[in-house]
Amino acid sequence: MTIQEARTDEKNWGSQHLSLEGQLLDQKSLRAVTGKTADWNEIAKDCIAFANATGGRLLLGIEDGQDAPPASQHIPADLPDTLRRKLADRTVNVTVLPDIVTAPNGGQYIELRIPRALAVASTTDGRYFLRVADQSKPVTGDDVMRLASERTALPWETQTTLHIPRVEADAAKRDKLLQALRASDRVKASVKEKTDDELLDHYQLAQGQTLTNLGVLCLGRQHHRAQLTTAPVIQFIKYDEHGQKVNKLVWDDHTQSPMELIEAVWLEVPDFRERYELPDGLYRQNVPAFDEIVVRELLVNALVHRPYTQRGDIFLNLHPDRLEVVNPGPLPLGVTPQNVLHTTVRRNEHLARLFHDLKLMEREGSGFDKIFEVLLSQGRPAPELSETHDRVQVTVRRRILKPEVIDFIAKADQTYQLTQRERIALGLLAQHDALTARELAATLELPSTEVLQPWLKRLLEWHLVQSAGRTQATRYFVDPGLLRSLKFTGETTLKRIEPHRLVALVLEDLQRYPRSAISDIHRRIGGEIHPKQVKRALEELIGRGAVRFEGNNRWRRYWAVS
């Protein structure tokens, strides 16, 4: 492939994967690099962040939210040289490749390409940044050491330290893999036309006459894979209600590639095929104890996102009430348990691309979303993610909290063709009687309540979800009429009580029990009501003179004015 073809392919790939735009692409006004408004330190920060991640592009001259530059915009001929000089003065280990591009509307902009750095990139005064989703975040403290260890000059996948000739690859595994790639609708026709050797080179499975580490992992023979020392080993351990081990299965003989391990674990663990029988009118509904999609996504995440420079087994710990998947190593730098739903960081990008093209995983960053969606649509709690310095653990619960949610989500999706975000939000609200905007944003790991709109807008328009209150105190809940029409048999709750009805309820309580503390009022009228709602109701009654009080803080007492 020529350089021009590679660049064209990269552009096409970026345009087809808009979900990765923030990770691989950013846009800035031309004012950021011209005149008195130029902010070279900000541009340098973004370039360093891209270089420390997987590379990326800055489009200088296209405003945020726009698809093209102004039609009359022209780039000074000396600006690319100025960019090279200014950024070279401010950065270390950063390469920038600026080009002047003319858009279809005649306007010009600069496409600034930043390749992945061969060593850790920084500012000249020793500050480090990393691209996480659509932000360039600073790297500080111990994370600097992590960045240095994870940013080796040559990725583990493409190293050829074992010097195993490609002709010694397992022929059966190689033919099976190539056949699956050529049969996949995710692989472009131009790639399928390559010869077998060219296809192995394309997916970084081989370089020259030698298999890469990735090639050994996926195509090598048993003794080759064992020589990697960090080839994945999976242990399944089943515990009883007393925490005693009752069964153990181990895949540690290195006879299987990562793709084959996923199938082997699913087929060989009988507990994964246990099912519940739930009443459904005159019939019974079968629901899996652990959904196949969830189990496979957990295995894919464990295999694709683990650090292959670190030893450690993958553990599947099955308890009577939960399944724990424990993976060695921390989360990729920039990903935390709080932002995992909205952050994409590629640790093993070539293995991830291979899994994607083999249709073993969805696009990057969507696996955990899928787990959320499936669990919530089955009336189960959301997955729990925890991280320590040397491992990551994902816990999925076995128990179905609300069996009726299954039918409700299925019928709502059939009627309205919900998006994944909408199914997640609706599943959360169906499991909870009501959630405030702040609580819902926190559960969805969103930075603020303002970004809830894509999750709820259509649900509110269709009256699947109703709201009460304003701003962050807005409460969202599933429409009661819809619940009745779908035979959703939830318990009666006061969480959705309207403010004016709550005010009347508080006043009636104080007429019966004068000189009461707010905690007593809250307990009597309904403990499920949020305390702040009770406090606002009392403040409204005091404001209109219907209630008086004496004392302060915990000793304050209220009574109704007759």
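**Exercise 1.** In this predicted model, locate E111 among the strands, decide whether E111 is buried or exposed, and find which side chain E111 joins through a polar contact.

*Solution.* Begin with the position of E111, which falls in strand 5, a strand covering residues 108-114. Next, consider the relative accessibility of E111, which is 1%, so that E111 counts as buried, given that the cut-off for buried is under 20%. Finally, look at the side chain of E111, which is joined to the side chain of R57 by a polar contact of 3.0 Å.

**Exercise 2.** Work out the strand order of the open sheet formed by six strands, and explain why one side of strand 12 and of strand 17 is left without a neighbour.

*Solution.* Reading across the open sheet, the six strands come in the order 12-11-15-16-18-17, with mixed pairing. Strand 12 (245-251) and strand 17 (384-387) stand at the edges, and because each has a single partner strand, one side of each has no neighbour in the sheet. From one strand to the next, the twist averages 15 degrees. Strand 11 and strand 12 run antiparallel and are joined by six bridges, and K245 in strand 12 is the bridge partner of Y239.

**Exercise 3.** Determine which strands helix 11 and helix 12 lie across.

*Solution.* Take helix 11 (residues 258-268), which lies across strand 11, strand 12 and strand 15 and runs at about 155 degrees to strand 12. Then turn to helix 12 (residues 292-304), which lies across strand 11, strand 15, strand 16 and strand 18, and runs at about 15 degrees to strand 16.

Key. Residues are numbered from 1 along each chain as its sequence is written. This is a predicted model: local features need pLDDT of at least 70, side-chain atom pairs count only at pLDDT 80 or more; totals for chains, interfaces and linings use all residues. Side-chain values use heavy atoms; hydrogens and water are left out. Helices (H or I, at least four residues) and strands (E, at least two) are DSSP runs, numbered from the N terminus. Buried means under 20% relative accessible area, exposed over 50%, partly exposed in between (1.4 Å probe, protein chains only). A polar contact is a pair of N or O atoms within 3.5 Å; within protein, one must be able to donate a hydrogen and the other to accept it, and residues adjacent in sequence count only if both atoms are side-chain atoms. Two strands pair if DSSP finds at least two bridges between them. Axes are lines fitted to C-alpha atoms, for helices over the stretch in contact, and angles run from 0 to 180 degrees between N-to-C directions. Contact means heavy atoms within 4.5 Å.
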